[in-house]
Amino acid sequence: MKLNRRSLLKLAAAAGTAGVAGAAATTRASVLSASKDARGVLVDTTLCVGCRGCEAACSEANALPDPEMPGDDAVFAARRTTSPTVFTVVQKGTLKSAAGDDRYAKTQCMHCVAPACASGCVVKALEKTPEGPVVYHTDRCLGCRYCMIVCPFGVPKYEYASAAPLVKKCTFCAERQKKGLAPACTEVCPSGALKFGRRADLLEEAKTRIYTKPGAYVHKIYGEDEAGGTSWLYISDVPFESLALPAGIEKKSYPELADGALSAVPFVITLWPPLLMGMYTFSKRRDEVAAQEGNGRQEEGHV
Amino acid sequence: MSEQALKPALFGGPWMRENLFFGMSFRAYARSLVTPANAIAAVILLAGIPTMIFRFWKGLGAATNLSQTNPWGIWVAFDVVCGVALAAGGYTVACAVTIFGQKAYRPILRPAILTGFLGYALVLFGLVVDLGQPWRLPYQFFLTPGTTAVMYEVGWCVFLYLMVLGLEFAPAALEWLGLVKVRRLLGSLTIGIIVLGVTLSTLHQSSLGAFFLMTPGKLHPLWYSPFLPIFFFVSSISAGIGMVIVESALSHRAFHDQLDPAAPVDLDKITLGLAKGGAVVLFAYFFIRLQGLVASGRFDLLATGWGAWYLLEILGFILLPSLLFAFAARRQSARLARVAGLLTVLGVVLNRFNVSLIAFNWNVADRYVPSPGEIVTSLTIVTIGVLIFRWIVNRMPVVHEHPDWRGAH
């Protein structure tokens, strides 16, 4: 490449501008780029029998209190939500399958590919790991609860009762995964409703199941592009809303929604001061001219 | 002026008595504090301070009505989100007077800056009360900065702007203390400080709106808009103008004895000048809110209850005060301009409440209503602000100029 002075200057100018704008862009990318090997779970709700073994395994793995009413199907009467001491709940669907079977779905943190909570966290207490889990650093969180404001699935829960409260949610068993183990819930699932693996592979798997059994599934993978995509993917033969999976979630990744506003910051920082200084110079000059003209008139008056 | 003459014996008895106790003995000064207004303030503080202690002792759950569905209450919506908007008078007037050279507004510059400074200090106070573990607030600056977060930018801006406001107000304190050299040095930095202040304000006033860009589906579609940062920025200017009009009218009455008879201030004329600005800014704001509605294409929602609430906000608290301002300027009615100013302030409060509380989680069954403790705490924070404002205005050259520093930067 021939490099003359002009192109060198151009390059320098571009580098300078990119440096300012890029500072924000590169840090964003580190949150957004999920590794190709990122893990996920495929939930096939047509296989789930509602045994709640996953709930018990979750409580044990995370040292939480035992799930309420173990082994009692009456627990499905009311819709339950996760809480600071319950990271996952199995919900009974409001609709039955075509064959009249009950349908169930386990809900927990979806571990978004580009999580709103992590990108909005001011102290990086929530972080997206390249392996898939959105992890929480208890020693960083200052308790602004913005993660709860932005999470489209209503996942993060807060320890309001504590004087030094923390956010609580499913960890995707990140510690177990580091040791090469599968998440506790997926390991214990007896019906094969939960399948742990590479998210990319699970997407293929989900599509294959839908295509090879026409009519057996709703033609959609929940989580493929909800909030820009989630690590947990669901397939079902009843509408997803009936399984307490929120409908109408924005398809764009959430951090993208705030990108425009954030990318304006370097422009305001670089353009506002010279613009304001320019206006100040104009107004000062105007005052000076006005003062001079005023003096001139006064002098004329004296004559 | 000789520096010797201006230098008081800072910690000496006579200076203290003259400058802190208005020349009275401590006993006489203490007795002069027994007034109905102070009695009300005392009742609020007596209820509020134990409430705050209770909140830190027993946690947020015991003191507030916050829930897993509604993690933000009035401590965020009012103390922080409204607080920042209502403190916008500082940068608005500073920009008009110093950058645009509108010298006519000089008499209201210092009260506006003081309101802004105390406003931001109280935003920080409110934030500390609301945060689960406020002692970790500094983490975002040096330990684990969340550089991708809108809040990271807001945090830096508010932190820096609080210092900028401190510097902008410092001349009044320095004149009062008679620290001539530092006062002169600060005077030479005025323009730079104010440019920095306007830039920081542009950034964080708009970014407060950007908080809610990641809440589609939770914030009602009539309020959710990709233009939220622009709405928040433009309305912060109108909030600044409205606050300055209301606050100057109130303090003109309350601090009448502080006014300088040698330099009479025509507050009506200033108010009418501000009214013109208010009319233009509010009309522009009204128009961009309409553009937001057109962009969302959700005209169907106007026919719902939420639509009526939305129309009340944009017609009753944006368009109406805009027209009232214009009418007041034309009729030369400062009284009407003050009514419009009050409507503007209420409109911005209504908007911030709508975005962060009322139209947020609109489709959820579990709605939030503040607990008595939350209301008392917010009231206490405002009361503390008013008391400090009064303490300062009664002592430092705020509503009048220091005789030695007339017309100085």
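# Salt bridges and the interface of chains A and B

Mentor: Chain B and chain A bury about 4,600 Å² between them, with 64% of it on carbon and sulfur atoms. Buried area is the accessible area (1.4 Å probe) that two parts lose on being put together, summed over both. This is a predicted model, where local features need pLDDT of at least 70, side-chain atom pairs count only at pLDDT 80 or more, and totals for chains, interfaces and linings use all residues. Residues are numbered from 1 along each chain as its sequence is written, chains are lettered from A and ligands numbered from 1 in the order written, and side-chain values use heavy atoms, without hydrogens and water.

Trainee: Which residues in chain B lose the most area to chain A?

Mentor: Take the side of chain B. Three residues together make up 18% of what that side buries. They are Q68(B), T148(B) and M214(B).

Trainee: How many residues of chain A are in contact with chain B?

Mentor: Contact means heavy atoms within 4.5 Å. Chain B brings 56 residues. On chain A the number is 54.

Trainee: How many salt bridges are counted between chain B and chain A?

Mentor: A salt bridge is a side-chain nitrogen of Lys or Arg within 4 Å of a carboxyl oxygen of Asp or Glu. D130(B) forms one with R145(A), the closest N and O atoms being 2.9 Å apart. The structure holds 24 over all chains. Between chain B and chain A the count is two.

Trainee: R110(B) forms a salt bridge with E175(B); how far apart are the closest N and O atoms?

Mentor: The pair links distant parts of the chain, 65 residues apart. R110(B) is in helix α8 (residues 109-130) and E175(B) in helix α10 (residues 150-177), both of chain B. Helices (H or I, at least four residues) and strands (E, at least two) are DSSP runs, numbered from the N terminus. The closest N and O atoms of R110(B) and E175(B) are 2.9 Å apart.

Trainee: Are R110(B) and E175(B) buried or exposed?

Mentor: Buried means under 20% relative accessible area, exposed over 50%, partly exposed in between (1.4 Å probe, protein chains only). R110(B) and E175(B) both fall in one class. That class is buried.

Trainee: R80(A) and E68(A) meet in a salt bridge. What is the relative accessible area of E68(A)?

Mentor: The two side chains meet at 3.8 Å, N to O. R80(A) is buried, at 10%. E68(A) is partly exposed, with a relative accessible area of 45%.
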